[in-house]
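Visitor: Please bring up the model. I have some questions about its fold and a few of its residues.

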Amino acid sequence: MVTIKRILAPTDFSDNSMRAVRFAAEMADKFQSELVLLHVVQDLALVLPDAVMPTPVATPNLDDMIAAAKTGIANQVANLKLGHLNPKAEVRIGSPAAEIVAAAADLKADLLCVSTHGRTGLAHFLLGSVAEKIIRYSPCPVLTVRPTKTG
């Protein structure tokens with residue numbers, strides 16, 4: 001029998017990721033699993049090459065970004081009414097795909113529940129796919145939640 005003790009739900013606070021968090025919460029409720037919400041803060045100084053930033057640009061303070069992420073997770077828990085699940089909050093710094101995969105391993109997640117943006121073609125090529133990288137390297141099964149169709 002498959003047991004799901006811990007579900008990891010990464011969030012970037014977008015509508016798509018909120019949908020994935022809802023799926024993760026429903027599964028955590030049904031399986032009586034621990035729910036962990038994760039946000040990865042990207043250090044912009046490491047992401048943007050010097051060629052893009054020819055003059056010094058004021059980048060947000062990393063501590064402020066971490067605090068904002070924790071507040072964002074708390075707001076998401078409140079907005080989605082997840083308090084009864086007592087979800088854990090995790091904030092990491094780095095590349096989203098790599099940190100999500102590392103968190104799944106570190107936390108011994110039994111399931112990852114991630115959103116996709118549904119990009120194809122040139123947009124997918126130029127922007128890459130965090131979900132695709134997570135699926136490729138995840139130490140546990142991954143449930144992908146597609147965006148809702150509009151129009």
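Visitor: Is His39 buried or exposed?
Guide: This is a predicted model, and His39 lies in strand β2. Its relative accessible area is 14%. The cut-off for buried is under 20%, so His39 counts as buried.

Visitor: Which backbone oxygen does the side chain of His39 reach?
Guide: Leaving aside neighbours within four places in sequence, the contacts of His39 include Thr11, Asp12 and Phe13. Ala69, Ile73, Glu90, Val91 and Arg92 are also in contact with His39. The side chain comes to 2.8 Å from a backbone oxygen, that of Thr11.

Visitor: What is the relative accessible area of Gln42?
Guide: Gln42 sits in the loop between β2 and α2 (44-47). Partly exposed covers the range between the cut-offs of 20% and 50%. Gln42 is partly exposed because its value falls in that range, at 33%.

Visitor: What distance separates the C-alpha atoms of Gln42 and Arg92?
Guide: Along the chain, Gln42 and Arg92 are 50 residues apart. In space, their C-alpha atoms are separated by 8.6 Å.

Visitor: What is the order of the strands in the sheet?
Guide: The sheet is open, with five strands and parallel pairing. The edge strands are β3 (88-93) and β5 (142-145), each pairing on one side only. From one strand to the next, the twist averages 25°. The order reads β3-β2-β1-β4-β5.

Visitor: How many bridges join β2 to β3?
Guide: Strand β2 covers residues 34-41 and runs parallel to β3. Val41 stands opposite Ile93 in β3. The bridges that join β2 to β3 number six.

Visitor: What angle does helix α4 make with β2?
Guide: Take helix α3 (residues 62-79) before that: it packs on the sheet, touching β2 and β3, and its direction makes about 145° with that of β2. Helix α4 (residues 96-106) also packs on the sheet. Helix α4 touches β1 (6-10), β2, β3 and β4 (111-115). Its direction makes an angle with that of β2 of about 150°.

Visitor: In what order do the elements run from the N terminus?
Guide: The protein has six helices and five strands. From the N terminus on, they run β-α-β-α-α-β-α-β-α-α-β.

Visitor: What share of the contacts between residues at least 6 apart joins residues at least 24 apart?
Guide: The protein has 151 residues, and 35% of them count as buried. About 9300 Å² is exposed, with carbon and sulfur atoms supplying 56% of it. Among contacts between residues at least 6 apart in sequence, the share joining residues at least 24 apart is 79%.

Definitions and conventions:
Residues are numbered from 1 along each chain as its sequence is written. This is a predicted model: local features need pLDDT of at least 70, side-chain atom pairs count only at pLDDT 80 or more; totals for chains, interfaces and linings use all residues. Side-chain values use heavy atoms; hydrogens and water are left out. Helices (H or I, at least four residues) and strands (E, at least two) are DSSP runs, numbered from the N terminus. Buried means under 20% relative accessible area, exposed over 50%, partly exposed in between (1.4 Å probe, protein chains only). Contact means heavy atoms within 4.5 Å. Accessible areas come from the Shrake-Rupley method with a 1.4 Å probe; for residues, only the protein chains shown count as cover. Two strands pair if DSSP finds at least two bridges between them. Axes are lines fitted to C-alpha atoms, for helices over the stretch in contact, and angles run from 0 to 180 degrees between N-to-C directions. A polar contact is a pair of N or O atoms within 3.5 Å; within protein, one must be able to donate a hydrogen and the other to accept it, and residues adjacent in sequence count only if both atoms are side-chain atoms.
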